[in-house]
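Reader: Please take a close look at one part of the model shown below, and describe its contacts and its surroundings in one connected account.

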Amino acid sequence: MKTIITSSGQVGKFSDYQILDDRYLCDGVEYPFTALGETHSIGDYVEPALTTEQLNPIRAQKWEEIKAFRDNLVENGGFKVGAHWYHSNLLSRTQYISLVMMGANIPAGTVWKTLDNGYIPMTQTLAGQIFAAGAAQDAALFAKAAEHKTALDASSDPANYDYTTGWPAIYTGV
């Protein structure tokens with residue numbers, strides 16, 4: 001794409017142009033030399049930099065996307081204890097709290113279905129490990145979101161900022 005470059009900036013964005021004796025003809029639109037000032041030429045179009053006022057709403061929208069992405073990972077990503085992955089949804093988290101509170105009173109023979117389709121005997125120790133793994137996963141996910149927020153705020157192109165990289169491991173299937 002081309003543009004008319006003047007002492008005060010760019011004029012237009014076009015693909016076809018002709019230089020006539022007293023004007024430019026750009027994509028069928030006439031630009032008289034007298035209206036462009038003393039200094040003007042045809043050059044490559046450069047997207048103007050966005051102002052802070054223009055960038056802030058884009059950053060705010062992208063931050064909402066990051067938080068939604070994080071929250072989905074919190075709710076559906078699971079967390080790993082030993083060789084197995086455990087559910088991270090709200091109902092499962094409530095059950096883990098109950099198991100931890102039961103402590104040594106977890107009924108003997110209680111078997112727990114894992115996110116990766118295993119069946120594991122539930123123990124007081126395992127309940128505590130699952131609970132701790134969930135807390136650690138949450139902390140890591142929130143820290144990564146904060147890291148992406150910092151990078152987003154520093155980005156000159158927040159609309160194209162890719163926040164989908166670098167997250168903690170999640171369950172992706174058997």
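Author: Contact here means that heavy atoms lie within 4.5 Å. The structure is a predicted model, in which local features need pLDDT of at least 70 and side-chain atom pairs count only at pLDDT 80 or more, while totals for chains, interfaces and linings use all residues. Residues are numbered from 1 along each chain as its sequence is written, and side-chain values use heavy atoms, with hydrogens and water left out.

The account may start with the strand residue K2 and pass from there to the helices. Leaving out residues up to four places away in sequence, K2 touches G12, K13, F14 and Y17, and also I42, G43, D44 and Y45. K2 belongs to strand β1, residues 2-6; helices (H or I, at least four residues) and strands (E, at least two) are DSSP runs numbered from the N terminus. With a relative accessibility of 27%, K2 counts as partly exposed, a class that lies between buried (under 20% relative accessible area) and exposed (over 50%), with a 1.4 Å probe and protein chains only. The C-alpha atoms of K2 and C26 are 9.1 Å apart, although 24 residues separate K2 from C26 in sequence.

One of the partners of K2 is Y17, a residue of strand β3, residues 17-19. Y17 is partly exposed, at a relative accessible area of 34%. The contacts of Y17, again without residues up to four places away in sequence, are K2, L25, C26 and I42. I42 is thus touched by Y17 and is also among the residues touched by K2. From Y17 to T3 the C-alpha distance is 9.1 Å, over a separation of 14 residues in sequence. D27 is in the loop between β4 (23-26) and β5 (29-32). Its phi is near 45°, a positive value in a residue other than glycine, and D27 is partly exposed, with 40% relative accessible area.

The helices bring α4 into view as a shared partner. Helix α2 (residues 52-76) packs against α4 at an angle of about 165°, with the axes 10 Å apart; axes are lines fitted to C-alpha atoms, for helices over the stretch in contact, and angles run from 0 to 180 degrees between N-to-C directions. The two helices, α2 and α4, are therefore roughly antiparallel to each other. Angles under 35 degrees count as roughly parallel, over 145 as roughly antiparallel, 65 to 115 as roughly perpendicular and the rest as oblique. On the α2 side the contact is made by R59, K62, W63, I66, R70, D71, L73 and V74, and on the α4 side by D138, L141, F142, A145, H148, K149, L152 and D153.

Helix α3 (residues 90-102) also packs with helix α4 (residues 124-154), at an angle of about 135° and with 8 Å between the axes. That angle makes α3 oblique to α4. Here R93, Y96, I97, L99 and V100 of α3 meet A127, G128, I130, F131, G134 and D138 of α4. D138 therefore appears in the contact with α3 and in the contact with α2.

The same helices also take part in a nonpolar core, a set of buried Ala, Val, Leu, Ile, Met, Phe, Trp, Tyr and Cys residues joined through side-chain atoms within 4.5 Å. The largest such core has 13 residues, of which Y86, Y96, L99, M122, L126 and I130 touch the most other members. Two or more residues each come from β7 (79-81), α3 and α4, and α4 gives the most, with 4 residues. Apart from this core lies another, of 10 residues, including W63, V74, L141 and W167.

Two members of the largest core merit detail. M122, leaving aside neighbours within four places in sequence, is in contact with L99, I106, T110, V111, W112, A127 and I130. Y86 lies in strand β8, residues 84-86, and is buried, at a relative accessible area of 2%. Beyond four places in sequence, Y86 touches G78, F79, V81, Y96, W112, T114, L115, I120, L126 and I130. Among these partners, T114 is 28 residues from Y86 in sequence and 5.1 Å from Y86, C-alpha to C-alpha.

The loop between β9 (111-113) and β10 (119-121) contains N117. N117 has a positive phi of about 70° although it is not a glycine, and at 48% relative accessibility N117 counts as partly exposed.
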